Amino acid sequence: MKHDKVDVLIVGSGASGAAMAWSLAETKMRILCLEQGDWVKPTDYPTNGRDWEARLFGDFAINPNRRARETDYPINNDTSPIQVVNFNGVGGSTIMYTAHYPRLHPSDFRVKTLDGVADDWPVDYDTLEPFFAENDRMTGVAGLAGDPAYPFHQPPMPPLPLGKTGKCFGQAMNKLGWHWWPSDSAIATTEYDGRAPCINLGHCTPGCAQGAKSSADVTYWPHAIRAGVELRTRARVREITVGPDGLATGAIYYDADGKEHFQPAEMVIVACNGIGTPRLLLNSVSGRFPNGIANSSGLVGKNLMFHPFAHTYGYVDEPIDGNQGAQLSLWSQEFYETDKARGFVRGYTLQLHRGAGMIVDAIANTARGFLPWGEAHHDVYRSIFNRKLGLSAICEDLPEEHNRVTLDPVLKDSNGIPAPRIEYTMGENTKKMMAHGVARSKDILEAAGAKNIGGEAPMLNAGWHLMGTTRMGTDPERSVVNEWGRTHDVKNLFVIDGSIWVTSGGVNPTSTIQALALYIADAIKQRLAAATLFD
Amino acid sequence: MLSSQETNDLRAFAGAMIPASARHGVPGADDDKIFADILSSLDRDLNDVRAALKRLAGIADIAADGRLKKANAFRAEGGPSVVAIARAVLQCYYRDDRVMRALGQEPRSPFPKGHVIEQGDWSLLDPVKKRAPFWRKVPQ
């Protein structure tokens with residue numbers, strides 16, 4: 001089936017696609033977004049029911065291979081020490097993010113200049129700053145101004161509560177003389193833009209029934225749709241098509257019944273994340289682009305960066321917050337900027353966690369062999385219940401071409417589209433950084449009086465942050481998109497998600513992904529006004 | 001759907017893994033209500049649980065004190081089926097009303113009531129507020 005031509009076709013309704021759709025809506029162009037998943041209703045979220053923790057291992061599992069919804073696609077990461085996690089639906093993976101919302105630091109955009117590794121970005125913090133601020137306002141961010149680890153910025157809402165767990169961490173960090181601060185969190189702490197404030201349901205990851213978590217389905221999308229953008233769900237794009245002039249002509253997709261459609265468009269914007277985007281480009285093969293569209297550099301799919309996570313935890317003597325309240329509300333940037341005396345360059349964020357739910361903690365402590373079976377089970381469980389302090393080091397991953405996304409020769413999704421295959425190993429710099437992060441996390445736990453310390457490094461199910469696979473740059477031989485997101489090879493094709501990152505920094509990426517999308521949208525609008533968009 | 005032998009073995013395993021405790025005032029995981037929940041919640045773990053029960057075959061037929069020994073030997077051997085069967089038991093045990101109450105928890109879903117988290121003592125942040133900015137400046 002062929003549809004009427006649209007001016008702008010966005011593929012993917014997650015963090016970047018939503019921000020782009022909203023920003024371009026003011027142009028009054030005809031804008032359509034295709035999304036392979038569904039809307040998630042507030043009543044669908046696990047915290048509505050008594051089985052809320054069990055559903056983390058079922059239809060709300062973070063790993064798509066375990067979740068295996070009709071709307072998911074399989075991923076072959078059999079040989080990777082880190083598994084890709086995501087969500088496919090309106091809002092994309094923001095449905096299942098923790099809403100920890102730091103920005104990249106100014107130094108992250110200049111790693112070659114400052115540390116002699118990887119490459120500098122073709123944009124910088126100052127250029128993005130107004131878009132960070134606009135994104136904070138649209139998303140609804142809670143936090144506290146004045147963090148000495150960052151250039152000054154003012155989050156629009158007050159921070160999440162410190163609680164008993166935060167008090168433990170604060171005392172420990174002060175004892176060590178190390179930085180800590182209330183996180184920028186994409187969670188409403190007051191009524192905001194028609195949304196109710198956080199009521200501390202517990203873990204934010206499996207979606208927020210209250211609607212306080214700022215996932216893109218409740219932030220940008222309502223505004224974009226009211227402004228005239230069309231969002232078409234259950235539309236899984238197979239390939240981007242090109243015409244004889246080498247320009248993108250639209251996309252072929254399958255609906256929920258498996259029926260094939262062609263959607264023509266004047267321009268195509270890809271926003272499918274660091275795995276989905278290279279998969280789509282590599283699947284878009286034509287006579288002109290036999291190795292995948294926009295891939296003359298050969299870099300589509302290469303330079304995959306995760307943030308390897310090192311999770312370390314321990315148990316204090318007195319009950320603290322347990323799983324109640326947002327899991328993440330504090331960070332430390334003490335070890336973020338390069339200090340070569342540590343034996344590695346770049347650095348990491350430490351996320352300071354509240355505890356796990358009753359069941360999740362029991363499962364984790366069973367898996368690590370700490371929770372016995374038999375009569376002793378009850379006493380040991382009571383010694384850990386609601387007493388957990390956890391930390392995650394989010395380590396900066398440097399780009400390496402052998403870390404990559406390719407198309408699996410066998411595995412396919414339910415529409416027969418080749419699935420992505422991940423090839424990934426951790427670099428030496430990252431390994432040293434991770435060991436440092438684990439050691440410092442143990443220092444903090446010991447300062448807090450925690451016992452029974454355990455951990456997982458790298459965390460297996462922690463490929464949340466997917467970056468680098470269509471990197472941006474000014475040199476068409478060394479990058480896939482230019483400094484404002486347009487592919488070097490196809491002048492009406494853009495990429496706007498985490499794929500375009502040059503380096504990974506050491507923070508959760510969503511804030512910067514969305515600020516970049518707004519920046520690219522602004523560049524598009526300026527060139528539309530000057531009639532130079534496709535020059 | 002498990003066979004009757006598999007069902008018996010699963011129940012014996014659950015009771016060995018988490019026995020009832022009069023001291024703590026909690027039922028075991030082989031309690032009627034909890035075990036019915038386990039059976040009806042196997043869902044996508046069914047095949048792995050069945051594989052576990054193959055390794056645990058006959059556990060229901062041995063004396064109670066031998067069951068824990070067999071369960072721990074199975075646990076020590078490891079594998080995905082150990083993870084699956086333990087998760088199947090734990091996810092139902094720790095949502096039982098009696099177990100939750102014994103741990104001081106309200107037996108309810110988190111939404112819509114939510115929870116109260118104290119603001120806490122924000123003066124703890126004062127030393128950090130006094131710290132000079134330390135983000136790395138970038139040459140223009």
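**A kinked helix, a nonpolar core and the A–B contact**

Helix H4 of chain A, spanning residues 125-139, carries a kink of about 25°. The kink is centred on Phe131(A). The model analysed here is predicted.

Phe131(A) is also one of the buried residues of H4(A). The others are Tyr125(A), Leu128(A), Phe132(A), Asn135(A), Asp136(A), Met138(A) and Thr139(A). The buried residues of this helix pack against three helices of chain A: H1 (15-25), H6 (220-226) and H11 (510-529). Just after H4(A) comes Gly140(A), where phi is positive, at about 90°.

The largest nonpolar core comprises 202 residues. Val11(A), Ala21(A), Val268(A) and Val89(B) have the most contacts inside this core. For Ala21(A), neighbours within four places in sequence were set aside. The remaining contacts of Ala21(A) are Ile10(A), Ile31(A), Cys33(A), Tyr220(A), Ala224(A) and Val229(A).

The contact between the chains draws 55 residues from chain A and 48 residues from chain B. On chain B, four helices each supply at least two residues to the side that touches chain A. These are H1 (4-17), H4 (64-77), H5 (80-93) and H7 (126-129). H5(B) provides the largest share of that side, with five residues. By class, the side of chain B that touches chain A holds 27 nonpolar, eleven polar and ten charged residues.

How values were computed. Residues are numbered from 1 along each chain as its sequence is written. Chains are lettered from A and ligands numbered from 1 in the order in which they are written. This is a predicted model: local features need pLDDT of at least 70, side-chain atom pairs count only at pLDDT 80 or more; totals for chains, interfaces and linings use all residues. The bend at a residue is the angle between axes fitted to the seven residues ending there and the seven starting there. A residue is buried if 20 or more other C-beta atoms lie within 10 Å of its own, exposed if 12 or fewer, and partly exposed in between; C-beta atoms are placed from the backbone. Two residues are in contact if their C-beta atoms, placed from the backbone, lie within 7 Å. Ala, Val, Leu, Ile, Met, Phe, Trp, Tyr, Cys and Pro count as nonpolar, Asp, Glu, Lys and Arg as charged, and the others, Gly among them, as polar. A nonpolar core is a set of buried Ala, Val, Leu, Ile, Met, Phe, Trp, Tyr and Cys residues joined through C-beta atoms within 7 Å.
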